Amino acid sequence: MKLEVHHIRALKGVRQLTELNVTGPDQAHAAQAAGIDIIVSGRLDQRDAIRAAAPGTHFCFGLIYGHHVNTDQALRAAFDALDAGADSIYCCLSPRIIEGLAREGVPVVGHVGLVPQKARLTGFRAFGKTLEEAQRLWREVCDLEQAGAVAVEMEVVVEPVAAAISSRTAMTVISMGSGGRCDVQYLFAVDVLGETTARMPRHARAYADFAAEYARLHDRRAAAFAAFRAAALDASYPAAPEVVAGNPAETGAFRAWLEGSRP
Amino acid sequence: MTRRLTMHDIQVAKGRQKLVQLNVNGPEQARAAVVAGIDIIVNGEAARWPAIRAAAPDTHLCLSLRYGDQASATEVLRAAFDALALGADSIYCPLSPAMIEPLAREGIPVCAHAGYVPQKTRMTGLRAAGKTAAEAQALYRRIKEFESAGATMVELELVAAPVAALLTPRTLMTTVSIGSGGGCDVIYLFGVDILNEAPRRPRHARAWDDFGAEARRLHDARVAAFSAFRTDVATGRFPAPAETVAAPPGVADAFTEWLDRQPQD
């Protein structure tokens with residue numbers, strides 16, 4: 001059964017949910033088969049394919065930071081995503097813009113702690129290591145809740161701080177590297193699959209080695225294409241069943257016409 | 001290959017050296033085509049062009065204008081220049097000689113399309129071309145029109161092989177055979193057919209691998225990995241301490257005490 005926002009809210013404190021950021025329909029389809037509760041993607045070019053690949057899974061569509069410069073634009077994009085079948089909207093903009101979406105009934109997920117889109121300002125680091133920063137996080141969470149957000153992604157926040165906040169807010173708290181005492185455990189599918197040959201975040205865990213799988217597939221692609229090339233050059237491709245023979249009498253007539261028309 | 005072929009190189013190879021062309025569906029196939037020494041790669045999905053160009057910087061890249069996207073010579077020329085700016089070495093255009101001529105006039109290497117043209121099956125039906133002398137003659141005239149318009153290549157699709165072989169030495173254009181036998185200048189197939197990735201393979205295509213089975217296997221591996229993540233969350237085995245950030249001593253207690261003093265809504 002697809003979880004709607006009200007189901008997700010009702011499950012707060014009942015059981016941990018799982019969430020994956022997917023790059024496309026292959027991962028979305030597998031996430032549904034694996035019983036993942038929520039999938040997320042901000043890729044507009046993949047949005048419809050992802051929705052179609054996982055019709056029974058809660059799909060949170062992400063508004064890309066920088067694409068929308070006021071509430072009207074964010075609301076337009078959010079409505080477009082809901083029309084396309086999204087179940088909720090991720091938006092890492094300020095409570096002021098989130099309020100504009102929530103006011104119109106759009107289920108919004110905000111973002112606090114390490115927000116990579118804002119790392120120019122904050123640096124790439126863990127959050128909540130000092131009392132002062134933990135207090136600031138709490139106020140940010142309260143502001144989002146006040147604005148009407150239904151959930152908040154909490155990224156790389158020290159574990160006891162995330163746990164304390166999670167137990168005190170009505171919002172669903174989505175942990176990305178913020179420990180196991182929030183409401184939802186969230187990872188990127190590329191990390192879970194071990195697709196990233198680049199650096200893996202410390203908080204992520206790989207359950208497969210798709211980098212090796214892809215390297216193997218690359219070698220097989222290259223071998224198949226090389227076999228095609230060799231066969232084309234030695235004329236073993238195309239063989240008789242792979243060509244249209246035509247009609248010998250008609251071809252003969254065409255040849256005679258060609259030779260007559262070209263002195 | 002150290003240097004990518006220009007259209008000039010392709011024309012010089014006519015009658016001397018057979019070339020091999022591949023339609024690639026993305027950067028993965030483009031990268032493999034480079035390793036395999038494929039001479040020409042083709043793609044018609046504009047969103048993927050920068051990634052494909054980056055994946056195969058030294059391979060001749062023919063970018064395809066999609067039938068229906070351009071409705072005037074001006075639009076065709078604009079789209080072709082845009083594709084060249086993205087790194088195309090030549091342009092495939094399935095439109096008429098009247099649309100191709102303005103491209104050639106401005107120095108753009110163009111590949112035309114004759115025989116069975118899938119985009120035009122409403123008109124022709126889905127069938128091989130050149131099975132009668134009359135149809136072969138019409139094909140000859142069509143090819144000469146493309147040649148006069150300035151096209152330097154022409155894709156011949158599902159043309160009776162002896163007819164394609166008769167046409168090839170009688171045109172200055174480089175002929176590209178897709179299902180038109182081995183007597184053309186270039187032999188052309190789709191990467192998805194060679195890898196058996198498409199739901200259905202045309203009769204003229206040959207598969208050298210079975211990526212359909214690989215796709216099913218990878219799907220199962222994805223499901224297994226995601227299921228393991230889900231199970232670990234449900235049983236408390238994820239996240240482990242190494243995957244979380246611990247608080248410095250005292251911070252958690254001080255924060256909890258402060259939280260408890262906050263006014264309740």
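Modeller: Two residues are in contact here if their C-beta atoms, placed from the backbone, lie within 7 Å of each other. The model is a predicted one, in which local features need pLDDT of at least 70 and side-chain atom pairs count only at pLDDT 80 or more, while totals for chains, interfaces and linings use all residues. Residues are numbered from 1 along each chain as its sequence is written, and chains are lettered from A and ligands numbered from 1 in the order in which they are written.

Colleague: Which residues does Ala226(A) touch, if those up to four places away in sequence are not counted?

Modeller: Ala226(A) touches Ala36(B) and Gly37(B). Ala226(A) itself is found in helix α10 of chain A, where helices (H or I, at least four residues) and strands (E, at least two) are DSSP runs numbered from the N terminus.

Colleague: What makes Ala226(A) count as it does, buried or partly exposed?

Modeller: A residue is buried if 20 or more other C-beta atoms lie within 10 Å of its own, exposed if 12 or fewer, and partly exposed in between. Ala226(A) has 18 C-beta neighbours inside 10 Å and therefore counts as partly exposed.

Colleague: How many residues of each chain take part in the contact between chain A and chain B, and which element gives the largest share of the side of chain A?

Modeller: In chain A 69 residues are in contact with 70 residues of chain B. The largest share of the side of chain A that touches chain B comes from α10(A), with 14 residues. That side divides into 39 nonpolar, 16 polar and 14 charged residues, where Ala, Val, Leu, Ile, Met, Phe, Trp, Tyr, Cys and Pro count as nonpolar, Asp, Glu, Lys and Arg as charged, and the others, Gly among them, as polar.

Colleague: What does α10(A) lie across in chain B, and at what angle does it run to β1(B)?

Modeller: The helix α10(A) lies across β1 (19-23) and β8 (186-190) of chain B, and runs at about 140° to β1(B). Such angles run from 0 to 180 degrees between N-to-C directions, the axes being lines fitted to C-alpha atoms, for helices over the stretch in contact.

Colleague: Why are β6 and β7 of chain A called paired?

Modeller: Two strands pair if DSSP finds at least two bridges between them. Strand β6 (residues 151-155) and strand β7 (residues 172-176) of chain A have five bridges, in the parallel sense, so the condition of at least two is met. Within β7(A), Val173(A) is the bridge partner of Val152(A).

Colleague: And how do you know that β4 and β5 of chain B pair?

Modeller: Strand β4 (residues 90-92) and strand β5 (residues 110-115) of chain B share two bridges in the parallel sense, so the threshold of at least two is reached. Ile91(B) stands opposite Val110(B) in β5(B).

Colleague: In what order do the strands of chain A close into a barrel?

Modeller: The eight strands of chain A follow the order β1-β2-β3-β4-β5-β6-β7-β8, with parallel pairing, and the twist averages 25° from one strand to the next. Chain B also has eight strands that close into a barrel in the order β1-β2-β3-β4-β5-β6-β7-β8, with parallel pairing.

Colleague: What is the largest nonpolar core, and which residues have the most contacts inside it?

Modeller: A nonpolar core is a set of buried Ala, Val, Leu, Ile, Met, Phe, Trp, Tyr and Cys residues joined through C-beta atoms within 7 Å. The largest has 81 residues, and those with the most contacts inside it are Ala31(A), Ile39(A), Ile89(A), Cys91(A), Val152(A) and Val161(A). Apart from it lies another core, of 78 residues, including Val244(A), Val24(B), Ile52(B) and Ala83(B).

Colleague: Why do Leu158(B) and Asn196(B) fall into the burial classes they do?

Modeller: Leu158(B) has 23 C-beta neighbours inside 10 Å and so counts as buried, whereas Asn196(B), with 19, counts as partly exposed. Neither is a glycine, yet Leu158(B) has a positive phi of about 45° and Asn196(B) one of about 55°. Leu158(B) is found in the loop between β6 (153-157) and α8 (161-167) of chain B, and Asn196(B) in the loop between α9 (191-194) and α10 of chain B.

Colleague: Which peptide bond leading to Pro238(A) is cis?

Modeller: The bond from Tyr237(A) to Pro238(A) is cis, with omega near -5°, and Pro238(A) lies in the loop between α10 and α11 of chain A. In chain B, a cis peptide bond joins Phe238(B) and Pro239(B), with omega about -5°.
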